[in-house]
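Trainee: Could you take me through one part of this protein closely, and show me how it sits with its neighbours? I would like to follow it on the screen as you talk.

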Amino acid sequence: MSSRNATYCAFYVAEPFDPGALGAHGTKDFCYYNLLRSWKGNDSTFPFVDAHALTYSVRDNSDWEKTLKPRLRERIRSSKNVILFLSSGTQNSRAIREEVDYAINDQGLPIIVVYPEYDTKESLLDSGKLKQGVKNLWDKLPVLRDSLSIIPSLHVPMKKELIKSALSDTQFVLSSKNGTGVFIYK
């Protein structure tokens, strides 16, 4: 996959994976990802090309080293950026830790951090800067927190129009990113 036109979505899924019928579908962060997919399904102008749809699906109980990890990396290598869903329910699982680490520290992908528990850009801010409660969520994923200075990251609430703007913002795609650090829409 040489074309980097997709967006990779990273989200927490409980480990070990639930072998039940719901599997990953039973976790909140996965539901946020499905909402993004539904926005694209209902609005062809929504600028989301799903990297997860570029390779065949894997089962929740697939082997991590032989199947899951290589597939996730293949999807990341086809991506121009990453959307990371970060919520109070997110945990530092092996999968999300390795996805974020590979995306940032190996591939240099810009990150769009979406906070599902916030619904307006103002709700993320205190005196024009990210609230401490938002920054505290970064501690849930130390690899993200410790890597924010080396890539551009845009922090947005779970709002369709703001996510649409973020996905259309050329500063947050690999081929044209410029600058590093934490960015917000004011």
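Mentor: Put threonine 7 in the centre of your view: across from threonine 7 you will find asparagine 81, which belongs to strand 2. Bear in mind as you look that this is a predicted model. The pair is a good way into strand 2, so let's stay with that strand.

On one side, strand 2 is joined to strand 1, residues 6–10, by five bridges, and the two strands run parallel. Now turn to strand 3, residues 111–115: strand 2 pairs with strand 3 as well, again in the parallel sense, and here there are four bridges. To find this pairing on your screen, pick isoleucine 83, whose bridge partner in strand 3 is isoleucine 112. Between these two strands the chain takes a path through helix 3, residues 94–106, and the resulting β-α-β crossover is right-handed.

How much of strand 2 is covered? Strand 2 spans residues 79–85, and six of its seven residues are buried. For the protein chain, which has 186 residues, the buried share is 47%.

Now zoom out to see where this part belongs. The protein chain has six helices and seven strands, and reading from the N terminus their order is β-α-α-β-α-β-β-β-α-α-β-α-β. Among contacts in the chain with a separation of 6 or more, 76% are between residues 24 or more positions apart. Finally, the outside: the accessible surface of the chain is about 8,900 Å², with 48% of that belonging to carbon and sulfur atoms.

Definitions and conventions
Residues are numbered from 1 along each chain as its sequence is written. This is a predicted model: local features need pLDDT of at least 70, side-chain atom pairs count only at pLDDT 80 or more; totals for chains, interfaces and linings use all residues. Side-chain values use heavy atoms; hydrogens and water are left out. Buried means under 20% relative accessible area, exposed over 50%, partly exposed in between (1.4 Å probe, protein chains only). Two strands pair if DSSP finds at least two bridges between them. A crossover is right-handed if, with the strands pointing away from the viewer, the path from the first strand over the helix to the second runs clockwise. Contact means heavy atoms within 4.5 Å. Accessible areas come from the Shrake-Rupley method with a 1.4 Å probe; for residues, only the protein chains shown count as cover.
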